[in-house]
Amino acid sequence: HSDFIKYLSLKYPNIHYYEDSHDDITDAILWSDAVVGDCSGALLLALAGNKPIFAFDNPNRFKNPYFDPEGPEWIFRDQYSYQISEENLCELSEMLSHFINKDTKKNSREELIKLLYEHRTDSEKVIANEIVNLLPSEG
């Protein structure tokens, strides 16, 4: 899957691929027109910036020790992102063109931004704690 995104980044000069998933990509997200990713804090940062988000449903997510189906990036996924599966990954280029120009998720992202980030100007820790408070508690 990453090979396909690398291919797109070589084909289109305005698409950037980051090899190290732990790189600080904050500036890239804030300057982007849209963000493509599988599931990470990067998608929530893109949400905070109200960017169109294309979330890849990576079939290998279940093998990843960081996968948390109860995490906010999964619970709110339908509200903030356009879904990309393995089956329609080859259509990503067309999806980007269409949904950047006709962003049908903008209003739902704005509602989610208010829910997660409203009146918060403090550090990332405060925002993260507010997100945790929205998640269903165990037991």
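## Notebook: strands, helices and cores

I started at a backbone oddity: Asn50, just after α3, takes a positive phi of about 55 degrees. Worth keeping in mind that I am looking at a predicted model, so every value here is computed from that model.

**Overall layout.** I went through the secondary structure next. The protein has eight helices and three strands. Along the sequence I read the pattern α-α-β-α-β-α-α-β-α-α-α. Of its 139 residues, 32% count as buried. I also looked up how far along the chain the contacts reach: among those between residues at least 6 apart in sequence, 54% join residues at least 24 apart. For the surface I get about 9,300 Å² exposed, with carbon and sulfur atoms supplying 50% of it.

**The sheet.** In what order do the three strands sit? I find β1-β2-β3, in an open sheet with parallel pairing. β1 (35-37) and β3 (81-84) are the edge strands; each has a single partner, so one side of each has no neighbour in the sheet. From one strand to the next the twist averages 20 degrees. I then checked the β2 and β3 pair: four bridges join β2, residues 53-56, to its parallel partner β3. Picking one residue, I see that Ala55 has Gln83 in β3 as its bridge partner.

**Helix α3.** This one covers residues 41-48 and lies across β1 and β2, running at about 160 degrees to β2. Which of its residues are buried? I list Leu43, Leu44, Ala46 and Leu47. Looking down the axis of α3, I see these buried residues fall within an arc of 155 degrees, so they line one face of the helix.

**Cys39.** I stopped at the loop between β1 and α3, where Cys39 lies. Cys39 and Phe56 are 17 residues apart along the chain, and their C-alpha atoms are separated by 7.4 Å. Leaving out residues up to four places away in sequence, Cys39 touches Glu73, Trp74 and Arg77.

**Helix α6.** I gave residues 92-101 the same kind of look. Here the buried residues are Leu92, Ser93, Met95, Leu96 and Phe99. Why do I put them on the same side of α6? Because they cover an arc of only 160 degrees around the axis. Glu94 and Asn101, on the other side of α6, are exposed. I followed the buried residues of α6 outward and found that they pack against α1 (2-11), β1, β2 and β3.

**Cores.** Nonpolar side chains tend to be buried together in soluble globular proteins, and I wanted to see how that plays out here. The largest nonpolar core has 16 residues, and those with the most contacts inside it are Leu47, Tyr80, Leu116 and Tyr117. The elements giving two or more residues to this core are α3, β2, α7 (106-117) and α8 (124-134). Apart from it I found another core, of 11 residues, which includes Ile5, Phe56, Tyr82 and Leu89.

I went back to Leu116 for its partners. Not counting residues up to four places away in sequence, Leu116 touches Leu47, Phe76, Glu130, Ile131 and Leu134. Leu47 therefore shows up twice in my notes on α3 and the core: as one of the residues on the buried face of the helix, and as one of those with the most contacts inside the 16-residue core.

Notes. Residues numbered from 1 in each chain as written. Predicted model: local features only at pLDDT ≥ 70, side-chain atom pairs only at ≥ 80, totals over all residues. Heavy atoms only, no water. Pairing = 2+ DSSP bridges. Axes fitted to C-alpha atoms, helices over the stretch in contact; angles between N-to-C directions. Contact = heavy atoms within 4.5 Å. Buried < 20%, exposed > 50% of the residue type's maximum accessible area, 1.4 Å probe, protein only. Areas by Shrake-Rupley, 256 points an atom, 1.4 Å probe, with all protein chains shown as cover. Core = buried A, V, L, I, M, F, W, Y, C linked by side-chain atoms within 4.5 Å. Arc of directions from axis to C-beta.
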